[in-house]
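The following exercises are to be worked with the sequence and the structure at hand. Each task is followed by a solution in steps.

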Amino acid sequence: MASASVDPITLEIIRRGLVAIPNEIDANITRTAFSPLVYEYKDFATGLVDPEGRLVAQGDGSIPIFVANALGNAVRDGLEIYGADDMHPGDIIISNHAGTLGQHLNNVVMYTPVFVGPDETDLFGFMCVLVHWIDIGGGAVGSCSATDTTDIFQEGIQYRTVKLWNRGIRNEELYRIVRYNTRFPEMVLGDLDAQLAGTLSGCDKIKAIVGRYGPDTVRAAIATIWDQSEGVAREAIRALPDGVWKAKSYLDNDGIESGEPVPVDIEVRIDGDSMTIDFSGLGGELRGPLNSGVLGGAYPAARIAFKILTAPDEPANEGCFRPLEIVIPDGTFLSASPTAPMGLYSATLPTVIDTIVRAVGKGAPRAVAGGHHASFSAHWFFGDDPSTGELFQQLDTGHGGWGATENADGSGPFKTMAHGDTLDVPVEVQESLNPILIESVGLRPDSAGDGARRGGLGTEKIVRVLADCQVSVQIDRTLCAPWGVEGGADGQPGESFAEYQDGEARRILKGTISLASGDRFRLKTSGGGGYGKPIDRDAADVAEDVAAGYITPDRARDVYGVVLDVGGNVDSAATKNARDALR
C-alpha cells in the first residue's frame, strides 16, 4: 500500500464508493441471473481484492461463508499459476477447484484483473464474483445434493484457474465444456453471463473511482480503512476476558457412518487485543461429503465467529481479521484433503461457528446468545416435470430459531449464521417453476428453548409433490440441541419426514428417497436456546407468548410456572404458588 495520507472527507467517499461497487453488481446480478437460486435466494458474492488477494470490499448481501475469503483464494491460485505478468486486460478467469477453495464444486469464482493508469499497466486488484452454479455434473442432480459421495470426483467437474476469456477473446472450447457438463445448460450459462457482466462492470467502476482520485490516494484510503477496522476489532477483544475458553458440541454423522457423531471441540485463547481460535480438537476427515478444505472450512467458520464477536457492523475487509490467528492441523473435516467429498461442506459451519461463540461465552456469558438451530436443513426436489417433459430441480433450506441473549428473546425464524442475507425463494416462484405445492409454512409451538429470555422458534413446512420425483435431505444437530445459557433450556431439535398417501411416514435426516405424486415432505426446524431460568420470565411475557401461539398453556404452567385463566390472563395467586413449587 502507498504511504500517502488521505483527508477524512475523501476517505469516507472512497470507503462508501468501494462498498457501493460490489453492492451495485449484486443488484445487477439479481436482475439478470437465470436461476432462482441466484436471483431469489442470492447464493453468490461480489467483491474486490488487492493484487495479493486481500479483501478490500465485499457486497453487503454476500454470503458470510465466502468472507474467508473465497474470492482472494481463487485469485492467489491464479497468481501462482499464471503470475502477475500473464494477467492482462480482458482476461476472465474461473476456478472452483476444491484444493484451492475448499468448498463444494458448485461455487465458481470468476475474476478479472483491474489495470489502471494511462497505459493500463498498474495492477490495482481484481474484481471477483462467486456464483453457485446450480449443476456442474457428478452423480446427483444439483451435484452437491448427494449425501453418500466418498470423493470429490463423484461431485462434478473441476475448473482450476482457467481463462474463460483471454485478452478479451472468448474461449469457445471452455464454454463448450461448461455447456456439456451440466444438466441445466440454459440456466447455468445464463447465470454465467450475469456473472460475467457483473465482473466486467465492476472492473469498469473500480477503474472509474481510481481514475477520479488517483491510485495512490485510493490505496492510501484502503490502508487506512484496514487499520480502522483492525482497531475496532482489537478494541472489542480487549473488552473480553483474557484466558483459554473451551466448548464442545457435535454433529450427528457424516451421512455414511450414521452411528458416529462428529466431535466439534473448540479452544479460544484471548490475550489482550488478539484472539486465537484453535481447531485441534475437531473430528477427522469424514468419509461422507461434510468435509471442507482449510480455506473453505476452518477459515470462514473462524472469521464469521470472530466478526460476530468483535466487529459485526464493520464492512468485511482484510483489516477486520488481523487480530485473529487460526490454528488447525491437517486432516480434520475442516482441513480435508483436496480429493475428499465436499458436496455438503457448508452443513458443518453453523455448528462450528456456534461452538466458537459458546466457548467465548464461558468467559463472558453476558456477551453471547444461546445456540441457534445451526442446520442448513437443505432439501432438493428433482425429477421430470410432466408439464414440460424436462428435468427440474428445487433447492431450499430451512429457517429456525436463534438463541436468546441477556436482554432479548431469540430472533427468527432465520437461516443460519453461515447464510447471512440469503433470501427465501417466494412460494409462487417455487410452485410456478416446479411440480410442487407448498401447503403450509408456520411456526412450531414449544420449539424454542425456554428461559427468562425465550429462544427463537423453529418452523414447520409441508410440501406436496405433484409429480413422481425424488427428495434429497440434509439435516443435522438433531442429537446436539441448540443449547441454553445461564439456566436457559435447549431448543427442540429439527427433523423431517416423507409422508406417503397410504398413511406411512418415514423419518429422514440424510439421504435421498422417492416420492410419488401426491406424497408429502414435512420439515421441522429447531428453535434457539433460551437465556436464564424460565421461572424468571415476566409472567405477562409468558401470557403474550401463549396468546401468540409460541408456547402452549401447558408449557406456560409446567415450565414457566405461569397459570392463565379462561380469558388468557395471568392468575397471579396461582402463578405465585406454581413458581414457588418449581423453585
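Rings of Phe, Tyr and Trp (its six-membered ring) pair if their centres lie within 6.5 Å; planes under 30 degrees apart count as stacked, over 60 as edge-to-face and the rest as tilted. The model examined here is a predicted one.

**Exercise 1. Aromatic pairs**

State how many aromatic pairs the rule yields, and classify the pair of tyrosine 111 and phenylalanine 126.

Solution. Under this rule, four aromatic pairs are counted. In the pair of tyrosine 111 and phenylalanine 126, the ring centres are 5.9 Å apart and the planes stand at 80°, so the arrangement is edge-to-face. Distant parts of the chain are linked by this pair, since tyrosine 111 belongs to strand 4 and phenylalanine 126 to strand 5, 15 residues apart. Both tyrosine 111 and phenylalanine 126 are buried.

A further edge-to-face pair is formed by tryptophan 402 and phenylalanine 414, with 6.3 Å from centre to centre and 85° between the planes. Both residues lie in the loop between strand 13 (390-396) and helix 10 (427-433), 12 residues apart. Buried means under 20% relative accessible area and exposed over 50%. Tryptophan 402, at 24%, is therefore partly exposed, and phenylalanine 414, at 45%, is likewise partly exposed.

**Exercise 2. Strand order and edges**

Determine the order of the strands in the seven-stranded open sheet, and identify the strands at its edges.

Solution. The order is 2-1-5-4-3-6-7, with antiparallel pairing. Strand 2 (55-58) and strand 7 (169-170) each have a single partner strand, so one side of each lacks a neighbour in the sheet. Strand 2 pairs with strand 1 (residues 44-49) in the antiparallel sense, over three bridges. Within this pairing, valine 49 has leucine 55 of strand 2 as its bridge partner.

Helices also lie across these strands. Helix 5 (residues 172-179) crosses strand 3 (92-95), strand 6 (162-166) and strand 7, at about 125° to strand 6. Helix 7 (residues 215-238) lies across strand 2, strand 4 (107-116) and strand 5 (122-132), and runs at about 55° to strand 5.

**Exercise 3. Two helix contacts**

Describe how helix 6 packs with helix 7 and with helix 5.

Solution. Two packed helices are described by the angle between their axes and the distance between the axes. For helix 6 (residues 185-213) and helix 7, the angle is about 105° and the axes are 6 Å apart. Angles of 65 to 115 degrees count as roughly perpendicular, and helix 6 and helix 7 are therefore described in that way. Ile209, Val210 and Tyr213 of helix 6 meet Pro215, Thr217 and Val218 of helix 7. The residues of this contact comprise five nonpolar, one polar and no charged.

For helix 5 and helix 6, the angle is about 135° and the axes lie 9 Å apart; helix 5 is therefore oblique to helix 6. Tyr175, Val178 and Arg179 of helix 5 are in contact with Pro185, Val188, Leu189, Leu192 and Leu196 of helix 6. By class, this contact has seven nonpolar, no polar and one charged residues.

**Exercise 4. An enclosed strand and a buried aspartate**

Explain why strand 16 is described as largely enclosed, and state whether aspartate 545 is buried or exposed.

Solution. Five of the six residues of strand 16 (residues 469-474) are buried, so the rest of the structure largely encloses this strand. Strand 12 (residues 378-385) is joined to strand 16 by five bridges in antiparallel fashion, and tryptophan 380 stands opposite serine 472. Strand 19 (residues 510-515) is joined to strand 16 by six bridges, also antiparallel, and glutamine 474 stands opposite lysine 510.

Aspartate 545 lies in helix 11 (residues 539-548). Its relative accessibility is 4%, so aspartate 545 counts as buried. Beyond its neighbours within four places in sequence, aspartate 545 contacts Arg454, Arg537, Tyr550 and Ile551.

How values were computed:
Residues numbered from 1 in each chain as written. Predicted model: local features only at pLDDT ≥ 70, side-chain atom pairs only at ≥ 80, totals over all residues. Heavy atoms only, no water. Helix = DSSP H or I, 4+ residues; strand = E, 2+ residues; numbered from the N terminus. Buried < 20%, exposed > 50% of the residue type's maximum accessible area, 1.4 Å probe, protein only. Contact = heavy atoms within 4.5 Å. Pairing = 2+ DSSP bridges. Axes fitted to C-alpha atoms, helices over the stretch in contact; angles between N-to-C directions. Parallel < 35°, antiparallel > 145°, perpendicular 65-115°, else oblique. Nonpolar A, V, L, I, M, F, W, Y, C, P; charged D, E, K, R; others polar.
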